[in-house]
Amino acid sequence: NSRVEGQGRGAEGSSATPYGWPERETGLLVAVLAVMRKVDLLVEKRVLDLSEAYDHLVATNKQKRVVIRVREQVDAGVLKAARDLSVKLLGEGAGAEADTLHQNAVGWLEQCVTDLGEYLQLAQRGDYPGRKEIEDLRPRLAKLAKEADSNRFLKLFTASANELMDDEEDYRELKGFYTNQKGAWQELLAANERLKPNEVELKAD
């Protein structure tokens, strides 16, 4: 009972045996194609996670809402560029296939966004560095991480290669400071506070 996007009128017109296939076998075939990443299953234009697919394929009241969309295959050149960029940003083990590259890159982006959020809490106080850089960098990485379609993500990912390399360098410097140098910076701030009364006395003299 699901519809096939871009494939004629779809299977809505046939209830028990769409296209002559028993409904159970049809659902199984669709599930296999989804697991193999040959098709996407959409409900109200949202791509279903595989963990949601079974329920939508077997529940009669949900089947009619499912749209089956043939997945566009990732261009070989884009895939190679994404692999090369992932190795530079994430290191070895970033993955080789489109979905793995997408998943690992999004994981890295989300970790960056989380870390930058923690750094921003201190930077907003005014006595820690990097506020402008964090406020510029964080939403840009967060926006890219939200792209759910692996094909579109990898195209955006590779098209932004130069910017991402710069972003990674900025992130690494910020992480280095807030991870390794924050203690020394706090000691300097404390020492400055202790010296402030002397500054007032010197100015008075």
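Modeller: Let me start with a definition: a pocket is an open set of grid points with protein on both sides within 12 Å along at least five of seven lines. Please keep in mind that the model here is a predicted one.

Biologist: What is the volume of the second largest pocket?

Modeller: The second largest pocket holds about 520 Å³. Its lining is made up of 24 residues, and those nearest its centre are Arg37, Val47, Leu48, Asp49 and Ala148.

Biologist: Which helices and strands each supply at least two residues of that lining?

Modeller: They are strand 2 (39–43), strand 3 (46–47), helix 2 (50–58), helix 5 and helix 7. Strand 2 gives the largest share of the lining, with four residues.

Biologist: How many residues of each class are in the lining of the second largest pocket?

Modeller: Twelve are charged, ten are nonpolar and two are polar. Asp and Arg count as charged, while Ala, Val and Leu count as nonpolar, so Arg37 and Asp49 belong to the charged class and Val47, Leu48 and Ala148 to the nonpolar class.

Biologist: What makes alanine 148 count as exposed?

Modeller: Its relative accessibility is 61%. The cut-off for exposed is over 50%, so alanine 148 passes it. You can find alanine 148 in the loop between helix 6 (131–145) and helix 7. Its C-alpha is 9.3 Å from that of arginine 46, although the two residues are 102 apart in sequence.

Biologist: And how do you know that glutamate 97 counts as exposed?

Modeller: By the same kind of reasoning. Glutamate 97 has 51% relative accessibility, and exposed means over 50%, so the word fits. Glutamate 97 sits in the loop between helix 4 (76–90) and helix 5. From C-alpha to C-alpha, glutamate 97 and alanine 82 are 9.7 Å apart, with their positions 15 residues apart in sequence.

Biologist: Let's try a residue in a helix. Why does asparagine 151 count as buried?

Modeller: Buried means under 20% relative accessible area. Asparagine 151 has 5%, so it counts as buried. This residue lies in helix 7. Leaving out residues up to four places away in sequence, asparagine 151 touches Glu72, Gln73 and Val74.

Biologist: Why is proline 129 called partly exposed?

Modeller: Proline 129 has a relative accessible area of 33%. Under 20% would be buried and over 50% would be exposed, so 33% falls in between. Proline 129 belongs to the loop between helix 5 and helix 6. Apart from neighbours within four places in sequence, it is in contact with Ala123, Phe177, Tyr178 and Trp185. The C-alpha atoms of proline 129 and tyrosine 178 are 9.4 Å apart, with the residues 49 apart along the chain.

Biologist: Some of those names are aromatic. How many aromatic pairs does the structure hold?

Modeller: There are five. One of them joins tyrosine 119 and tyrosine 178, with 4.8 Å from centre to centre and 5 degrees between the planes.

Biologist: What makes the pair of tyrosine 119 and tyrosine 178 stacked?

Modeller: Two checks. Ring centres must lie within 6.5 Å to pair, and planes under 30 degrees apart count as stacked. The values are 4.8 Å and 5 degrees, so the pair is stacked. Tyrosine 119 is in helix 5 (residues 98–123) and tyrosine 178 in helix 8 (residues 161–204), so the pair ties together parts 59 residues apart in sequence. Tyrosine 119 and tyrosine 178 are both buried.

Biologist: How do you know that phenylalanine 153 and phenylalanine 157 are stacked?

Modeller: Their centres are 5.4 Å apart and their planes differ by 20 degrees. With the limits of 6.5 Å and 30 degrees, these rings pair and count as stacked. They are four residues apart in helix 7 (residues 150–159), so about one helical turn separates them.

Biologist: Are these two phenylalanines buried or exposed?

Modeller: Buried: phenylalanine 153 has a relative accessible area of 0%, and phenylalanine 157 has 0% as well.

Biologist: Which residues form the aromatic cluster?

Modeller: Tyr119, Tyr128, Phe177, Tyr178 and Trp185 form one cluster.

Biologist: To finish, how many helices and strands are there in the protein?

Modeller: The protein has eight helices and four strands. Of its 205 residues, 35% are buried.

Terms used:
Residues are numbered from 1 along each chain as its sequence is written. This is a predicted model: local features need pLDDT of at least 70, side-chain atom pairs count only at pLDDT 80 or more; totals for chains, interfaces and linings use all residues. Side-chain values use heavy atoms; hydrogens and water are left out. Rings of Phe, Tyr and Trp (its six-membered ring) pair if their centres lie within 6.5 Å; planes under 30 degrees apart count as stacked, over 60 as edge-to-face and the rest as tilted. Buried means under 20% relative accessible area, exposed over 50%, partly exposed in between (1.4 Å probe, protein chains only). On a 1 Å grid over the protein atoms alone, a cavity is a set of points where a 1.4 Å probe fits but cannot get out, and a pocket is an open set with protein on both sides within 12 Å along at least five of seven lines; lining residues have an atom within 4 Å of a point. Grid points are joined across faces, edges and corners, and a volume is the space filled by probe spheres set on the points. Contact means heavy atoms within 4.5 Å.
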